[in-house]
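This briefing walks through one protein model, topic by topic, for a reader who is new to looking at structures. Please keep the sequence and the 3D view open while reading, and find each residue as it is named.

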Amino acid sequence: MSSASVRSWPVVFLLLAGWAAFSQAADPPHRALIVDGQNNHGCWPKTTPMMRKYLEDTGLFRVDVVTHAPKGEDPSFQPAFADYDVVVSNFGHGAAEWPAATKAAFETYVRDGGGFVAVHAADNSFPKWPAYNEMIGLGGWGGRNESSGPYVYFDETGKLVRDTAAGPGGSHGPQHEFPIVVRDGEHAVTKGMPASWMHAKDELYDSLRGPAENMAVLATAWSPKTKRHEPMIMTIDYGKGRVFHTPMGHETYSMECVGFITAFQRGCEWAATGKVTQELPKDFPGEAASSRPFAR
Ligand code: ZN
């Protein structure tokens, strides 16, 4: 062996180590699909890449995006749901109905064990699609009312209330920062979160209504408008599938909240696998102040 080839060994090792790190990074274990294209929130072309980055940052997800036509119904909207571990909806209020075959494929995908994540106005979509409303548990606007299901909230004694009173579903007051109160700190999504943490400026959705079957409320926020503790983090079982639903995330600045990011990343992993392997980040917000580092 020549002295030149001996000297080249460290280079070979570095290349091998680099390749190993690269191939690991390039091959995350789970596949996520974000669907978007029609949302009354004009920021959606920005919030889809934000959510994509949050998922990729975990190292757990390879992410694809399928975008629906901007107006009207879109017969070509036929995502291959079954290829994914979790589907995230960034649709919003007034979204056109999906093609019947796409709805059927989506129902089968979740019922057979697929993960689904509904963020903010995704719970406005499809008021007339019964299976979708079972998946999200609670929804708002689009004519939702007592026929959609009960209002669900916590009262001052910490009791979960299912209120069948007549009235519209979906409302919010002016945007503000507000505390998120963890109601179940043993769930994989909320484990380790402070009992109360300050969320960045957002719309605080209230008075959502829906079937709310097989639904757990993991966290709430007190609404100055309704004087009720409104659901902010929910999980729903739909067949063998797992659904994570948060009404947080109105604007880009709302989604820059480390609390939102963490809940979203963990919620997606839980929906995809039933487990959460992610630690709570060091800059997770506490009770007094929100956390929205500019760099993230
Ligand atoms: Zn909004």
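A good place to begin is V117, which, once its neighbours within four places in sequence are set aside, is in contact with V86, V87, V88, S89, F244, F264, G267, C268 and A271. The model is a predicted one, and the points below move from its nonpolar cores to its zinc ion, its cavity and several single residues.

**Nonpolar cores**

- The largest nonpolar core has 39 residues, and those touching the most other members are F61, V88, V117, F260 and F264.
- Helix α6, which covers residues 258-273, gives this core its largest share, namely eight residues.
- Another core, made of 34 residues, lies apart from the largest one, and F116, F154, M215 and V217 are among its members.
- As a general background to both, nonpolar side chains tend to be buried together in soluble globular proteins.

**The zinc ion**

- The zinc ion has as its protein donors H41 (NE2), H120 (NE2), E203 (OE) and H250 (ND1), which lie 2.0 to 2.1 Å from the ion.
- Along the sequence, the spacing of these donor residues can be written as H-x78-H-x82-E-x46-H.
- Two of the donors link distant parts of the chain, since E203 sits in the loop between β9 (196-202) and β10 (205-206), while H250 sits in the loop between β13 (241-246) and α5 (252-255), 47 residues apart.
- E203 counts as buried because its relative accessible area is 8%, below the 20% cut-off for that class, and H250 is likewise buried, with a relative accessible area of 12%.
- The arrangement around the zinc ion is irregular because its four donor atoms subtend angles of 92 to 161°, whereas a tetrahedral label would require all angles to lie between 85 and 135 degrees.

**The cavity**

- The structure holds one cavity of 30 Å³ or more, and the volume of the largest cavity is about 40 Å³.
- The residues lining the largest cavity are N39, H41, C43, T47, N90, V119, H120, A121, G249, H250 and M255.
- Among these lining residues are H41, H120 and H250, which also appear among the protein donors of the zinc ion.

**Two residues with positive phi**

- Most residues other than glycine have a negative phi, and this is the background for the next two points.
- F126 has a phi near 55°, a positive value in a residue other than glycine; F126 is found in the loop between β4 (115-119) and α4 (130-136), and F126 counts as buried because its relative accessibility is 1%.
- K227 has a phi near 60°, which is again positive in a residue other than glycine; K227 is found in the loop between β11 (215-222) and β12 (229-238), and K227 counts as exposed because its relative accessibility is 54%.

**Residues in helices and strands**

- Y54 lies in helix α2, residues 44-57, and is buried, with a relative accessible area of 5%.
- Leaving aside neighbours within four places in sequence, Y54 is in contact with M255, E256, F260, I261, F264 and Q265, and of these F260 and F264 are also among the residues that touch the most other members of the largest core.
- T235 lies in strand β12 and counts as buried at 6% relative accessibility; apart from neighbours within four places in sequence, its contacts are H187, N214, M215, A216, L218, V243 and W270.
- W222 lies in strand β11 and is partly exposed, with a relative accessible area of 38%; beyond neighbours within four places in sequence, W222 is in contact with E156, L204, K227, R228 and H229.
- The C-alpha atoms of W222 and D206 are separated by 9.2 Å, although the two residues are 16 residues apart along the chain.

**An exposed loop residue**

- P70 is placed in the loop between β2 (61-67) and β3 (86-89), and counts as exposed because its relative accessibility is 67%.
- Leaving aside neighbours within four places in sequence, P70 is in contact with G37 and Q38.
- P70 and N39 are 31 residues apart in sequence and 8.9 Å apart in space, C-alpha to C-alpha, and N39 is one of the residues that line the largest cavity.

Conventions. Residues numbered from 1 in each chain as written. Predicted model: local features only at pLDDT ≥ 70, side-chain atom pairs only at ≥ 80, totals over all residues. Heavy atoms only, no water. Helix = DSSP H or I, 4+ residues; strand = E, 2+ residues; numbered from the N terminus. Buried < 20%, exposed > 50% of the residue type's maximum accessible area, 1.4 Å probe, protein only. Contact = heavy atoms within 4.5 Å. Core = buried A, V, L, I, M, F, W, Y, C linked by side-chain atoms within 4.5 Å. Donors = N, O, S within 2.8 Å, 3.2 Å for Na, K, Ca; no water. Tetrahedral: all angles 85-135°; square planar, octahedral: opposite > 155°, others 65-115°. 1 Å grid on protein atoms, 1.4 Å probe; cavity = no way out; pocket = protein on both sides within 12 Å on 5 of 7 lines; lining within 4 Å. Points joined across faces, edges and corners; volume = space filled by probe spheres on them.
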